[in-house]
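Work through the exercises below with the model open in your viewer. Try each task before you read its solution.

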Amino acid sequence: MPEILREHFQLKETIVTIFAREGRHIDAARESIREQRAYLENFIRKDPFFQLTLEPYILLDEEEAPPIIKQMIEKSAVFGIGPMAAVAGTIAGFAVQAMMDEGATYAVVDNGGDICVLNDQPIVVGIYAGSSPIKDLAFQLAARDRPLGICTSSGNVGPSISFGCADAAVVISQDVALADAAATTLGNAVTLQGPLQECFQAIDQPGIDGALVIRGDKMALWKELPP
């Protein structure tokens, strides 16, 4: 197998790590991120409320909205939250699709813990839970021929808005935008003392393959997860 290339790329608030076998695949991911952010920023300039609302956004003119906007609205509405909850996963998904359009069979975009993975060889994806004593965990992913979303929200790690107490709320779905919105929802559901297993009720929707929550020294698993 050729060597896996790794590149760190930042465009304003979007900070990604891109993995690929060929430089042109990394170029495709970068160009996609620039393009999708431009669509997003143009839409927000027209309606700043899109960026601020924490509730489902009502799209009044579908013809005016680019696909990234429609996808963010649709996937976040499943869980009754605002569209920006799905922004990182959606951007990662578009980037991996752009890499696939250039012929990539190995393409990974990690957008601040919201990850889209296309791997034609086994890989390991680590789980970071900040100051939790639960450490050195990872998913072992078998080779696959279509993308997978692995998205994480946290009340204690990173800049994203979370109203919960999770050190890590991880969701897996074939739909990375849906996984991102679900991870936000799951993270919001984690209270300081409540039973972790009950939190998964908040994301019990079609398309969610499995989830994991870490809070302090406790961890709970739900549905189907990789080894």
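The exercises that follow concern a predicted model.

**Exercise 1. The first hairpin**

Task: Find the strand that holds Leu-11, and describe how S1 pairs with S2.

Solution:
- Step 1. Locate the residue. Leu-11 belongs to strand S1, which covers residues 5–11.
- Step 2. Look for the partner strand. S1 is joined by 7 bridges to S2, residues 14–20, and the two run antiparallel.
- Step 3. Read across the pair. Thr-14 in S2 stands opposite Leu-11.
- Step 4. Check the turn. The hairpin of S1 and S2 has 2 residues between the strands, and Lys-12 takes a positive phi near 55 degrees there.

**Exercise 2. Around Leu-11**

Task: Is Leu-11 buried or exposed, or does it fall in between? Which residues beyond its sequence neighbours does Leu-11 contact?

Solution:
- Step 1. Take the accessibility. Leu-11 has a relative value of 23%. Buried would require under 20%. Leu-11 therefore counts as partly exposed.
- Step 2. Set aside neighbours within four places in sequence. The contacts of Leu-11 are then Ile-33, Arg-34 and Arg-37.
- Step 3. Take one of these, Arg-34. Arg-34 and Leu-11 are 23 residues apart in sequence. Their C-alpha atoms are 7.4 Å apart.

**Exercise 3. Charged pairs**

Task: How many salt bridges does the structure hold? Then work through the pairs Arg-30 with Glu-7, Glu-22 with Arg-24, and Glu-31 with Arg-34.

Solution:
- Step 1. Recall the principle. Oppositely charged side chains can pair when their charged atoms come close.
- Step 2. Apply the count. There are 12 salt bridges.
- Step 3. Take Arg-30 and Glu-7. Their side chains meet in a salt bridge at 2.2 Å, N to O. Arg-30 sits in helix H1 (residues 23–46) and Glu-7 in strand S1, so this pair ties together parts 23 residues apart in sequence.
- Step 4. Compare the burial of the two partners. Arg-30 is buried, at 17% relative accessible area. Glu-7 is partly exposed, at 26%.
- Step 5. Take Glu-22 and Arg-24. The closest N and O atoms of this salt bridge are 2.7 Å apart. Glu-22 is partly exposed at 34%, and Arg-24 is partly exposed at 40%.
- Step 6. Take Glu-31 and Arg-34. Their closest N and O atoms are 3.7 Å apart, and the pair forms a salt bridge. The cut-off is 4 Å, so the pair qualifies. Both residues lie in helix H1, 3 residues apart, about one turn of the helix. Glu-31 is partly exposed at 46%, as is Arg-34 at 38%.
- Step 7. Look for a network. Lys-12, Glu-13, Arg-37 and Glu-41 are joined into one by salt bridges that share partners.

**Exercise 4. Cysteines**

Task: How many disulfides are there, and where is the nearest cysteine sulfur to Cys-116 and to Cys-199?

Solution:
- Step 1. Count. The total is 0 disulfides.
- Step 2. Check Cys-116. The nearest cysteine sulfur is that of Cys-151, 8.3 Å away. A disulfide needs sulfur atoms within 2.5 Å, so this pair fails.
- Step 3. Check Cys-199. The nearest cysteine sulfur belongs to Cys-165, 9.6 Å away, and Cys-199 is in no disulfide.
- Step 4. Add burial. Cys-116 is buried at 3% relative accessible area. Cys-199 is buried too, at 5%.

**Exercise 5. The cores**

Task: Which residues of the largest nonpolar core touch the most other members?

Solution:
- Step 1. Name them. The largest core has 55 residues, and Phe-50, Val-171, Leu-186 and Ile-203 touch the most other members.
- Step 2. Inspect Leu-186. Beyond four places in sequence, its contacts include Val-171, Cys-199, Ile-203 and Val-213.
- Step 3. Look elsewhere. Another core of 18 residues lies apart from the largest one, and includes Tyr-106, Val-108, Ile-115 and Leu-148.

**Exercise 6. Ser-173**

Task: Where does Ser-173 lie, and what does its side chain reach?

Solution:
- Step 1. Place the residue. Ser-173 is in strand S8, residues 168–173.
- Step 2. Check burial. Ser-173 is buried, at 1% relative accessible area.
- Step 3. Follow the side chain. The Ser-173 side chain reaches the backbone nitrogen of Asp-175 at 3.0 Å.
- Step 4. List contacts beyond four places in sequence. Those of Ser-173 include Leu-148, Gly-149, Leu-178 and Asp-209.

Terms used. Residues numbered from 1 in each chain as written. Predicted model: local features only at pLDDT ≥ 70, side-chain atom pairs only at ≥ 80, totals over all residues. Heavy atoms only, no water. Helix = DSSP H or I, 4+ residues; strand = E, 2+ residues; numbered from the N terminus. Buried < 20%, exposed > 50% of the residue type's maximum accessible area, 1.4 Å probe, protein only. Contact = heavy atoms within 4.5 Å. Core = buried A, V, L, I, M, F, W, Y, C linked by side-chain atoms within 4.5 Å. Polar contact = N/O pair within 3.5 Å; in protein donor to acceptor, adjacent residues only side chain to side chain. Pairing = 2+ DSSP bridges.
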